[in-house]
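Colleague: I've got a model open and I'd like to learn how to read it. Could you walk me through a few features?

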Amino acid sequence: MLQVLEICESKMQKSLESLEKDFSSLRTGRASASLLDKIRVEYYGNETPINQVATISVPEARMIVIQPWDKSILSAIEKAILKSDLGLPPNNDGKLIRLNFPPLNEERRKTLVKSAKATAEQSRVAIRNVRREAMDELKKLQKSSEISEDEQKDAEAKIQKMTDSYIVEVGTLTDDKEKEIMEI
């Protein structure tokens, strides 16, 4: 029974961490190096994460600077950024690439908020699925007489409480991200 609770908690925590990672790559009006985490660059025949071939810095709130360690891959980095869904034109000066973040218009901000809420809902569904799996596992344990009915009810109450706290945490993260997106 204890193992079921630990596995449940671990899976719910992973769902929350996944949401945080998704939110960090969601573009807001501010520059963030994590926006480039999913971008891969063709480097010596391999698809390599951009942060493994260049130094990425955020010198200003609305600018990312990418300085490759090998100048010969500047054009490959530029192509990878253009192919990505960032929607930012790279500014290549021959030594480094700058990404300037224009202020978001109201319509784009509302679209980003919708996207954040959809991502949050997927996390809530994942957390509820983990709860359902744990409840099913407890029922199996009770049917096979490995735990008593009282132990099952206690464990189910703990799982429900855990689920509620993770759902609240998802809501908090979503509200924070919405405020960040709607900030001018």
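Modeller: Sure, we'll go through helix length, burial, helix packing, a hairpin and backbone angles. Keep in mind that this is a predicted model.

Colleague: Let's start with helix α1. What span should its 23 residues have, and what do the end C-alpha atoms give?

Modeller: The idea is to multiply the rise by one less than the residue count. Helix α1 covers residues 2–24, so at 1.5 Å a residue the expected span is 33 Å, and the end C-alpha atoms are indeed 33 Å apart. You can run that check on α3 too: with 38 residues, α3 reaches 55 Å from first C-alpha to last, close to the 56 Å expected.

Colleague: Which residues of α1 are buried?

Modeller: Buried here means under 20% relative accessible area. In α1 that picks out V4, L5, C8, M12, S15, L16, L19 and F23. The cover over those buried residues includes α3 (106–143) and α4 (149–182).

Colleague: And how are α1 and α3 oriented, roughly parallel or roughly antiparallel?

Modeller: Look at the angle between the N-to-C directions; over 145 degrees counts as roughly antiparallel. For α1 and α3 the angle is about 170°, and the axes are 10 Å apart. The two helices are therefore roughly antiparallel to each other. Sorted by class, the contact of α1 with α3 has 13 nonpolar, three polar and five charged residues.

Colleague: Now the strands. In which sense do β1 and β2 pair, and over how many bridges?

Modeller: For pairing, you look for bridges between two strands. β1 (residues 40–43) and β2 (residues 46–49) pair in the antiparallel sense over four bridges. To get the register, note that R40 stands opposite P49 in β2. The hairpin has two residues between the strands.

Colleague: What is the phi of Y44, in the loop between those strands?

Modeller: When scanning phi, I flag positive values in residues other than glycine. Y44 is such a case, with phi near 50°. Is the residue buried or exposed? Over 50% counts as exposed, so Y44 qualifies with its 69% relative accessibility.

Colleague: Where does S145 sit, and what is its phi?

Modeller: S145 lies in the loop between α3 and α4, following α3. Its phi is positive, about 65°, although S145 is not a glycine. With a relative accessible area of 62%, S145 is exposed.

Technical notes. Residues numbered from 1 in each chain as written. Predicted model: local features only at pLDDT ≥ 70, side-chain atom pairs only at ≥ 80, totals over all residues. Heavy atoms only, no water. Buried < 20%, exposed > 50% of the residue type's maximum accessible area, 1.4 Å probe, protein only. Contact = heavy atoms within 4.5 Å. Axes fitted to C-alpha atoms, helices over the stretch in contact; angles between N-to-C directions. Parallel < 35°, antiparallel > 145°, perpendicular 65-115°, else oblique. Nonpolar A, V, L, I, M, F, W, Y, C, P; charged D, E, K, R; others polar.
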